[in-house]
Amino acid sequence: FPVTILGGYVLFNGASDYYDITNSSWINNQYFTVFVVDYLSSTTASAAAILNGDGNPGSTILMRYTPVNPTLTMDYNYRNVGGGAFTLNPSPGSNYTGPARLWSMQRTSTGGKFFLNGTSIGTDAVTTPLPSWSGAQLGQRGGTNWYNGGMKEILFYVGNVSDEDRQTVVG
């Protein structure tokens, strides 16, 4: 898609902009940490997907805002097939739009960890690595759930990342 950059953010229009991650095999059967700095311009009646996959159980990393309640869902091994999910409800404030936020989630040998702006917001005890991440994308989910806003500093680390190293990245 045509890339629009404003203040270091790659902008997504909420209707047709998304990015395919064409080779995501590097994450197969690996522990990982993902960091995403985003600001959401608006939500629609459906969800706004930051990260997604093909939606098949066992092959997706999902990070999305859902306007119902509202919530933020972070899920790996979609639908908890050998994996973990965390839903923050309510999400920070009743309105997602606004200041930039730094989300991160980890799948490690000791379980899952979920963070907002460097502060722990949840954990799980599941240690199973993601077997694959097929259909990996930024900005939409299944032709719907279009993301409307900006993302930058999308970082993936493979392997166990210590709390000390994670804090170094967060700053």
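**Aromatic contacts and strand pairing in the predicted model**

Y9 counts as buried because its relative accessibility is 12%, where buried denotes under 20% relative accessible area, exposed over 50%, and partly exposed the range in between, evaluated with a 1.4 Å probe on protein chains only. The structure is a predicted model, in which local features need pLDDT of at least 70 and side-chain atom pairs count only at pLDDT 80 or more, while totals for chains, interfaces and linings use all residues. Residues are numbered from 1 along each chain as its sequence is written, and side-chain values use heavy atoms, with hydrogens and water left out.

A search of the whole structure for aromatic contacts returns 6 pairs, a pair being defined by ring centres of Phe, Tyr or Trp (its six-membered ring) that lie within 6.5 Å, with planes under 30 degrees apart termed stacked, over 60 edge-to-face and the rest tilted. Among them, Y9 and Y39 are arranged edge-to-face, with 4.8 Å from centre to centre and 80° between the planes. Since Y9 belongs to strand β2 (residues 9–13) and Y39 to strand β4 (residues 32–42), this pair ties together parts that are 30 residues apart in sequence; strands here are DSSP runs of E with at least two residues, and helices runs of H or I with at least four, numbered from the N terminus.

The rings of F35 and Y157 are likewise paired, and because their planes stand at 90°, with centres 5.9 Å apart, the pair is edge-to-face. This contact links distant parts of the chain, as F35 is in strand β4 and Y157 in strand β13 (residues 148–158), 122 residues apart. F35 counts as buried at 1% relative accessibility, whereas Y157, at 33%, counts as partly exposed. In addition, W26, W133 and F156 form one aromatic cluster.

Strand β10 (residues 111–116) is mostly covered, with 5 of its 6 residues buried. Strand pairing requires that DSSP find at least two bridges between the strands; β10 runs antiparallel to strand β9 (residues 101–108), to which it is joined by 6 bridges, and R107 stands opposite G112 in this pairing. The connection between β9 and β10 is a hairpin through 2 residues. Strand β10 is also antiparallel to strand β11 (residues 119–124), with 5 bridges between them, and F114 is placed opposite G122 of β11. These two strands, β10 and β11, likewise form a hairpin with 2 residues between them, and N117 in the turn has a positive phi of about 50°.
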